[in-house]
Amino acid sequence: MGVVTYNYDSTSPVAPARLFKAFVLEADKVWPIAAPHAIKSIEVEANPGPGSIVKINFVEGLPFQYMKHQIGGHDENKFSYSYSLIEGGPLGNKLEKINYENKFEAAVGGGSVCKSSMKFYTFGDYVITEDEIKVLIKGSEGVYKAIEAYLLANPDACN
């Protein structure tokens, strides 16, 4: 098994507190409304805390039917959260899991910066390339940008 770490930053005009709430605390409500082109539903299979499993069901026509995340934890004061993709989605037979650590920080001119650190755990001798990682990021950016657009269009959401 190999491990590849990749760091990625994404900017947004939305404040860190609202993004954190939309992506972590209210994801099961916000994601299907904000990104109906991709997200059918989100199911929390236990208490929404560390160790819990969250199943994200995708709409028909996407390359994946679902994926499961195991929650690592979150800090509401620092707007940070961690989880592992443990089943479904892009894992296939090459990736065992992907660990994510994300933090929303205030940007200098307003809005926020999402700082992400991803660790890709591969099976056997397989080494994931930077191009493959960028394809995975591009796929998730569609949902990220849809949630951002929803928050901008609905200023009372996730306050």
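Contact means heavy atoms within 4.5 Å. The exercises below concern a predicted model.

**Exercise 1. Determine which residues distant in sequence valine 4 touches, and whether valine 4 is buried, partly exposed or exposed.**

Step 1. Locate the residue: valine 4 lies in strand β1, which spans residues 2–12.

Step 2. Set aside the neighbours within four places in sequence; the contacts of valine 4 are then Met118, Lys119, Phe120, Ile128 and Ile133.

Step 3. Take one of these partners, lysine 119. The C-alpha atoms of valine 4 and lysine 119 are 5.6 Å apart in space, although the two are 115 residues apart in sequence.

Step 4. Assign the exposure class. Buried requires under 20% relative accessible area and exposed requires over 50%. Valine 4 has a relative accessible area of 22%, and it is therefore partly exposed.

**Exercise 2. Establish the strand order of the sheet and identify its edge strands.**

Step 1. Read the order across the open sheet of 7 strands: β1-β7-β6-β5-β4-β3-β2, with antiparallel pairing.

Step 2. Find the strands that pair on one side only; these edge strands are β1 and β2.

Step 3. Consider the twist: on average, neighbouring strands of this sheet are turned by 20° against each other, direction ignored.

Step 4. Add the helices. Helix α1 packs on the sheet and touches β1, β4, β5, β6 and β7, its direction making about 155° with that of β6. Helix α3 also packs on the sheet, touching β1, β2, β6 and β7, and its direction makes about 35° with that of β1.

**Exercise 3. Trace the pairing from β4 through β5 and β6 to β7.**

Step 1. Strands β4 (residues 66–75) and β5 (residues 80–88) run antiparallel and are joined by 8 bridges. Within this pair, isoleucine 71 has tyrosine 83 as its bridge partner. The hairpin has 4 residues between its strands, and phenylalanine 79 in the turn shows a positive phi of about 55°.

Step 2. From β5, 6 bridges lead to the antiparallel strand β6 (residues 95–106). Here leucine 85 is opposite isoleucine 98. This hairpin has 6 residues between β5 and β6, with glycine 89 in the turn at a positive phi of about 55°.

Step 3. Between β6 and the antiparallel strand β7 (residues 112–122) there are 11 bridges. Leucine 95 has threonine 122 in β7 as its bridge partner.

**Exercise 4. Identify the buried residues of helix α2 and the elements they pack against.**

Step 1. In α2 (residues 27–34), the buried residues are Ala27, Val30, Trp31, Pro32 and Ala34.

Step 2. These buried residues pack against α1 (16–25), β2 (39–44), β3 (53–58) and α3 (130–153).

Technical notes
Residues numbered from 1 in each chain as written. Predicted model: local features only at pLDDT ≥ 70, side-chain atom pairs only at ≥ 80, totals over all residues. Heavy atoms only, no water. Pairing = 2+ DSSP bridges. Helix = DSSP H or I, 4+ residues; strand = E, 2+ residues; numbered from the N terminus. Buried < 20%, exposed > 50% of the residue type's maximum accessible area, 1.4 Å probe, protein only. Axes fitted to C-alpha atoms, helices over the stretch in contact; angles between N-to-C directions.
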